[in-house]
Amino acid sequence: MPKTLIAGNWKLQKTQAEAKEFLAEFLPALENTPSDRHVLLCPTFTSLAAVAQNLPGSRVRLGAQNIHWEDSGAYTGEVSGPMLVELCVSYAIVGHSERRQYFGETDETVNWRLKAAQRHQITPILCVGETKAQRDAGQTEAVVSAQLERALAGIEPQNLVVAYEPIWAIGTGDTCEAAEANRVIGLIRAQLPDQDVTIQYGGSVKPSNVDEIMAQPEINGALVGGASLAPQDFARLVNYQ
Ligand code: PGA
């Protein structure tokens with residue numbers, strides 16, 4: 001059975017002080033969360049240590065928003081596996097569409113980053129998804145399938161999470177219909193050698209639609225941007241009905 005993973009991606013938001021304030025309100029709201037739900041927070045690199053220090057004894061896991069393919073070297077502005085492991089990071093988002101769009105991430109660099117994560121026993125969350133123009137042109141299946149094939153070359157099917165994030169649904173309030181997200185995620189699963197990989201949906205997940213999304217049989221979790229920033233909203237997502 002794939003495990004259920006609800007993850008918050010804070011992107012370029014929250015200072016260390018703000019992260020601590022968030023945890024003070026968020027953690028008590030998890031008291032009755034079913035134990036089979038895995039909860040993950042992915043703060044900025046600068047807040048990882050502060051969040052790690054405030055999680056002891058908590059069930060919340062810590063994730064990074066990226067990971068470099070080399071362990072060290074002349075790569076200004078990057079962060080590597082050993083640096084993340086030292087901060088108790090156990091997941092890393094790889095190939096988010098914002099990295100692809102604004103920072104030149106390609107399927108090839110995504111593949112290198114996935115390998116680096118697995119080498120350090122960090123579970124990569126591979127993000128795939130089509131643009132609005134690609135969807136309108138009927139290319140969704142081909143685009144997602146090609147992203148998967150190139151990103152996953154030489155990757156162990158275990159210790160992997162995939163997030164289907166249609167780009168037109170990210171940060172727009174325009175959620176992909178739950179049944180359609182379920183359909184595409186079913187196609188993604190059919191392409192993976194391991195049927196137990198956790199596959200999340202991401203793109204405008206919020207308290208008003210989380211229950212319907214999580215009721216879909218192929219969807220094993222959510223990767224959440226905007227609605228993970230407010231402690232009560234994110235708690236509502238984790239405590240989906
Ligand atoms: P959103 O972002 O929830 O704000 O749409 C999702 C994501 O980028 O992972």
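Student: Which residues do ring pairs link into a cluster here?

Tutor: That would be W10, F22, F26 and F234. Keep in mind that this is a predicted model.

Student: And how many aromatic pairs does the structure hold?

Tutor: Six aromatic pairs. Take W10 and F22 as an example: their ring centres are 4.9 Å apart and the planes meet at 75°, so that pair is edge-to-face.

Student: Where do those two sit in the chain?

Tutor: W10 is in the loop between β1 and α1, while F22 is in helix α1 itself. They are 12 residues apart, and the pair links distant parts of the chain.

Student: Is W10 buried or exposed?

Tutor: W10 counts as buried, because its relative accessibility is 0%. F22 counts as buried too, at 2% relative accessibility.

Student: Got another ring pair for me?

Tutor: Sure, W69 and Y75. Their ring centres lie 6.5 Å apart with the planes at 65°, so this pair is edge-to-face. As for Y75, the residue is partly exposed, with a relative accessible area of 36%.

Student: What about charges over rings? What lies over the face of W10?

Tutor: K14 does, at 5.3 Å from the ring centre. There is also R37, whose charged end sits over the ring of Y240, 3.6 Å from the centre of that ring.

Student: OK, let's zoom out. How many strands close into the barrel?

Tutor: Eight of them, going round in the order β1-β2-β3-β4-β5-β6-β7-β8, and the pairing is parallel. From one strand to the next, the twist averages 25°.

Student: So where do β1 and β8 come in?

Tutor: They pair with each other in the parallel sense: β1 covers residues 4–9, β8 covers residues 221–224, and four bridges join them. If you want a spot to look at, I6 stands opposite A222 in β8.

Student: Which helices pack on the strands?

Tutor: Helix α5, residues 107–119, is one of them. This helix packs on the sheet and touches β4 (89–94) and β5 (123–128), with its direction at about 160° to that of β5. Another is helix α7, residues 140–151, which lies across β5 and β6 (161–164) and runs at about 150° to β5.

Student: How many residues of β4 are buried?

Tutor: Six of the six, so β4 is largely enclosed by the rest of the structure.

Student: What joins β4 to β3?

Tutor: Three bridges do, and the two strands run parallel; β3 is residues 60–64. Within that stretch you can find G63, which stands opposite Y91 in β4.

Student: Back to α5 for a second. What does Q118 touch?

Tutor: Q118 is in helix α5. Leaving out residues up to four places away in sequence, Q118 touches P124, I155, E156, Q158, N159 and L160.

Student: Anything polar going on there?

Tutor: Yes: the side chain of Q118 reaches the backbone oxygen of Q158 at 3.3 Å. Q118 is buried as well, with a relative accessible area of 8%, and that label fits because the cut-off is under 20%.

Student: And what comes just before α5? Where is T106 found?

Tutor: T106 is found in the loop between α4 (97–102) and α5. T106 is partly exposed, with a relative accessible area of 36%.

Student: How far apart are T106 and G81?

Tutor: In sequence they are 25 residues apart, and in space 19 Å, going from C-alpha to C-alpha.

Student: New topic: backbone angles. Which residue other than glycine has a positive phi near 60°?

Tutor: Q121 is one, with phi near 60°. Another is S204, at about 60°, although it is not a glycine.

Student: Why point that out?

Tutor: Because most residues other than glycine have a negative phi.

Student: Where are those two, then?

Tutor: Q121 is in the loop between α5 and β5. S204 lies in the loop between β7 (198–202) and α9 (210–214).

Student: And S204, buried or exposed?

Tutor: S204 is buried, with a relative accessible area of 14%. Q121, on the other hand, counts as exposed at 64% relative accessibility.

Definitions and conventions: Residues are numbered from 1 along each chain as its sequence is written. This is a predicted model: local features need pLDDT of at least 70, side-chain atom pairs count only at pLDDT 80 or more; totals for chains, interfaces and linings use all residues. Side-chain values use heavy atoms; hydrogens and water are left out. Two strands pair if DSSP finds at least two bridges between them. Axes are lines fitted to C-alpha atoms, for helices over the stretch in contact, and angles run from 0 to 180 degrees between N-to-C directions. Contact means heavy atoms within 4.5 Å. Buried means under 20% relative accessible area, exposed over 50%, partly exposed in between (1.4 Å probe, protein chains only). Rings of Phe, Tyr and Trp (its six-membered ring) pair if their centres lie within 6.5 Å; planes under 30 degrees apart count as stacked, over 60 as edge-to-face and the rest as tilted. A charge sits over a ring if NZ of Lys or CZ of Arg is within 6 Å of the ring centre and within 35 degrees of the ring normal. A polar contact is a pair of N or O atoms within 3.5 Å; within protein, one must be able to donate a hydrogen and the other to accept it, and residues adjacent in sequence count only if both atoms are side-chain atoms.
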